[in-house]
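Trainee: I'm new to this one. Could you walk me through how to read it?

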Amino acid sequence: MEQLEHIETLLERASAPADETARSAAHRRWASLAHPLGSLGLLETMLEDAAALTGSADLCFDKRAVLVLCADNGVVAQGVTQTGPEVTAAVARGFAAGESPVCRMAHAARCAVVPVDMGILNFPPTEGVLSCRVGNGTGDITCGPAMTRAQAEQAVLAGAALVARQAEAGVNLLATGEMGIGNTTTSAAVACALLNRPAEDFVGRGAGLSDAGLARKRVAVRRALEVNRPDPADPLDVLAKVGGFDLAGLCGVFLGGAAYRVPVLADGLISTVAALCAVRLCPGAAKAVFASHVSAEPAGRAVLDALGKQPLITAGMRLGEGTGAVASIPLWDMARAVYAESYSFDQCGVEAYQPQGEGV
């Protein structure tokens with residue numbers, strides 16, 4: 001599978017339209033099954049969307065992986081987190097050892113975990129962690145840009161390349177995850193910039209900040225936006241100025257999902273903000289974005305609304321690591337089991353339901 005070496009090439013490939021013929025075939029399949037029409041709700045439209053993305057109504061999600069992109073953020077110097085950046089490296093090692101929460105959930109969901117170092121601070125090569133380092137952590141966004149535009153592009157392309165590699169290995173369902181102390185701060189800053197909202201609306205407590213910590217975090221996001229003045233019409237500018245290597249990489253993962261026709265499960269705030277960047281860069285990328293849950297962070301619902309996506313799960317989750325995305329995988333399995341194996345109206349001798357208008 002060819003490597004996409006330029007942003008323009010990636011965006012062109014990701015912009016290919018969805019296959020509406022395959023979507024219609026999946027819809028007819030659902031309508032033929034012995035159940036009230038549309039009664040499985042999002043589980044039905046989710047598979048129809050997957051058919052449109054992949055170009056086939058013969059759906060299979062038997063090989064799945066969660067890409068967990070890890071990076072550090074210079075903004076932690078502003079006291080916006082409860083812990084220091086050393087925790088990012090410790091948790092990345094936990095991913096490699098299979099000991100973190102997402103690893104245990106992924107084992108239950110028959111999902112491989114792929115930890116990726118996008119820019120963990122002072123992190124040496126580590127067995128079990130894939131290195132796609134763009135830099136040694138980002139700059140403090142309250143003082144200047146997080147990264148250069150070239151680094152943002154590098155991270156986006158690295159994320160797309162991860163999808164290409166997984167697709168080549170036969171993976172047909174991807175979940176997104178992340179780890180990076182300070183990344184709810186950068187995500188809130190990116191969301192504020194893209195959606196033109198004040199810090200007070202979108203900055204939350206992250207991993208459990210005190211009132212004083214929350215106040216510092218809001219000040220940091222306001223200052224970052226004032227100092228850097230990211231251009232909301234240019235998502236790469238926003239990522240470079242107030243984002244993070246993990247966010248930019250995840251943006252590339254969603255673009256890669258659209259380019260290589262692999263469904264990508266968005267997790268919580270960080271990955272849905274990355275998905276919004278991808279869709280703002282290339283509206284066609286929306287076909288590869290599948291919402292798993294709605295984050296308990298303040299911006300969680302607003303970002304999903306901006307994407308036009310409905311979550312499968314509303315459970316007040318905010319752990320990160322891709323846990324929400326992985327938690328939704330069994331719902332995909334159950335939806336496909338009905339779609340592929342349930343009996344039809346003809347087989348059970350029941351007259352098929354017919355669409356009727358409201359109130360009929």
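Mentor: Let's go through the sheet, the cysteines, a helix pair and two loop residues. First, this is a predicted model, in which local features need pLDDT of at least 70 and side-chain atom pairs count only at pLDDT 80 or more, while totals for chains, interfaces and linings use all residues. Residues are numbered from 1 along each chain as its sequence is written, and side-chain values use heavy atoms, with hydrogens and water left out.

Trainee: In what order do the six strands of the sheet come?

Mentor: Some ground rules: strands (E, at least two residues) and helices (H or I, at least four) are DSSP runs numbered from the N terminus, and two strands pair if DSSP finds at least two bridges between them. Here the six strands make an open sheet with parallel pairing, ordered β3-β2-β1-β4-β5-β6. At the edges are β3 (130–131) and β6 (289–291); each has a single partner strand, so one side of each lacks a neighbour in the sheet.

Trainee: How many bridges hold β1 and β2 together?

Mentor: Eight, with β1 (residues 64–71) and β2 running parallel. One of the partners to look for is G119 in β2, which is bridged to A71. On to β3: two bridges link β2 with β3, again in parallel, and D117 has S131 as its bridge partner in β3. Elsewhere in the sheet, β4 (residues 173–179) is joined to the parallel β5 (residues 264–266) by two bridges, with L174 partnered by V264.

Trainee: Is β2 mostly buried or exposed?

Mentor: Buried means under 20% relative accessible area, exposed over 50%, and partly exposed in between (1.4 Å probe, protein chains only). In β2 (residues 111–119), seven of the nine residues are buried, so the strand is largely enclosed by the rest of the structure. C111 counts as buried too, at 9% relative accessibility.

Trainee: Since you mention a cysteine, how many disulfides are there?

Mentor: A disulfide is a covalent bond between the sulfur atoms of two cysteines. The test used here is a pair of cysteine sulfur atoms within 2.5 Å, and by that rule the count is zero. Take C70: its closest cysteine sulfur, in C103, is 10 Å away, which is too far for a bond. C111 is in no disulfide either, as the nearest cysteine sulfur, again that of C103, is 9.9 Å away. C70 is also buried, with a relative accessible area of 0%.

Trainee: At what angle do α6 and α10 pack?

Mentor: Axes are lines fitted to C-alpha atoms, for helices over the stretch in contact, and angles run from 0 to 180 degrees between N-to-C directions. Helix α6 (residues 149–168) and helix α10 (residues 235–242) meet at about 105°, their axes 9 Å apart. That makes α6 and α10 roughly perpendicular (65 to 115 degrees).

Trainee: Which residues make that contact?

Mentor: With contact meaning heavy atoms within 4.5 Å, α6 brings R149, A152, E153 and V156, and α10 brings L236, D237 and A240.

Trainee: And where are the residues with positive phi?

Mentor: Most residues other than glycine have a negative phi. R110, in the loop between α5 (101–108) and β2, has a positive phi near 55°. N122, in the loop between β2 and β3, likewise has a phi near 55°. R110 counts as exposed at 52% relative accessibility, and N122 counts as exposed at 60%.

Technical notes:
Parallel < 35°, antiparallel > 145°, perpendicular 65-115°, else oblique.
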